[in-house]
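Q: I would like a close look at one part of this protein, namely the place where two of its domains meet. Please take it step by step in one connected answer.

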Amino acid sequence: MSKLYISLLLTCAIPHLALCQTNIYMISAMDGELLMENGNTTNFWGYGWQTQSQEIELPAPLLHFEEGEEVIMHMNNISPEAHTIHLHGMDVNQANDGVPQTSFQVMQNQSGEYSFTATHPGTYLYHCHVTTTLHLTMGMYGMIVVDGPDNTFYAGGPGFNVEHEYLFSDLMVEVNDAPALAYPFDDIYPDYFMVNGLQGTMITDDLNQHLSAHIGDSVAVRLGSMAYSLIKVKFPEGSNPVTYMSDGRILPNALTVSELEIYPGERFTTVFHPDASFSGNMEVEYYSMLTKELIHTNLVPLQNMGVSVSESQWSELLIFPNPASDVLHIQAPNQGNFAIFNAQGKWISSHRVQAGVQTLSVSHLSPGIYFISNGEGVNKTFVKW
Ligand SMILES: [Cu+2]
């Protein structure tokens, strides 16, 4: 999904200034045709960019905004029914929240505008809130990312140099084949299970969906669920995941768990620190919300790209003294992120440095050989004694 990133800074060169405003133009429509893994197609409704082709996507386009950006989302509803955009989890006022009873609906063949400021960096969702169960299962949802400054999750927070987004969802083929008026939540029994709109071999065959990273990268992994199922994500071996945020807010204590349960509408923001054992798949399990039975598993393959050998601007990075006993001084030409690995390639810790000399305590490390990687091919070796 990260390859589908589309810059939305259409009218705003300096998004942190209150003067600028970003306008984005979208459509809602009900004429989507979803190709499924078995080669059949079913119907979907959704959102897309306002372009000549007027095509909708499942999931809807991934939206990136910058923290503090003022956004106006224009929605042109070219379908025969009313729709809204509910900005799920975002701090918008009631008038722009997209819940029909408390804000407004965009009627058929009309346009509407949602105005808001992206106040809090994090991972969010958007979806239609008209006859919600039906319009959700029909496919009217997407992910929103509010970026923190300089490739961090939030000011002063963890940084990353690679980013992947995964939106989990499902549908009941019988409903999408012949959508009727409305369903209670517990009348939907999903039987088609998706990661970024794809199931099974469609994911494993699509390199864009693979979780590709070098050893030493800091990989932002943004997870969100629009499924009717309970999702359980099992992180791959050697990924050393640290989960910093949930539902668009910073967790009081970062989680170092190897699996996460994601209920409908929830989001998590995690960093992987791939080490030499980074391999296999990220497993995505779908459980019935009613019986807690495991119904389906999708696999997101890893693309272990090894240790990058290209040189970068960090070639001027200096570390001293070497060998080190208590502290290591790091002289960096610019700010950035790096991680420490042991001789076996096992991730030890990640750090953010500013330009200039800074001191890092290494007294807790066992004697041995370590290397520092910035994820872009700079690997400096040091000895701890
Ligand atoms: Cu709708």
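Q: What distance separates the centres of domain 1 and domain 2, taken over C-alpha atoms?

A: In this predicted model, the centres of domain 1 and domain 2, taken over C-alpha atoms, are separated by 20 Å. The domain assignment places domain 1 at residues 2-151 and domain 2 at residues 162-304, and it also gives a domain 3 at 313-384. To the contact between domain 1 and domain 2, domain 1 brings 27 residues while domain 2 brings 36 residues. On the side of domain 1 that touches domain 2, at least two residues come from each of β2 (41-49), β7 (122-127), α1 (132-137) and β8 (141-147), and among these β7 gives the most, with five residues. Sorted by class, that side of domain 1 holds 13 nonpolar residues, 12 polar residues and two charged residues.

Turning to a sheet in the chain, one finds five strands in an open arrangement, ordered β11-β19-β18-β13-β16 and paired in a mixed manner. Because β11 (211-213) and β16 (259-262) stand at the edges and each has a single partner strand, one side of each is left without a neighbour in the sheet. From one strand to the next, the twist averages 20°. Within this order, β13 (residues 230-234) and β18 (residues 281-287) run antiparallel to each other and are joined over five bridges, and in this pairing K234 is found opposite E283 of β18.

Note on methods: Residues are numbered from 1 along each chain as its sequence is written. This is a predicted model: local features need pLDDT of at least 70, side-chain atom pairs count only at pLDDT 80 or more; totals for chains, interfaces and linings use all residues. Two strands pair if DSSP finds at least two bridges between them. Helices (H or I, at least four residues) and strands (E, at least two) are DSSP runs, numbered from the N terminus. Axes are lines fitted to C-alpha atoms, for helices over the stretch in contact, and angles run from 0 to 180 degrees between N-to-C directions. Domain bounds come from an automatic or database domain assignment. Two residues are in contact if their C-beta atoms, placed from the backbone, lie within 7 Å. Ala, Val, Leu, Ile, Met, Phe, Trp, Tyr, Cys and Pro count as nonpolar, Asp, Glu, Lys and Arg as charged, and the others, Gly among them, as polar.
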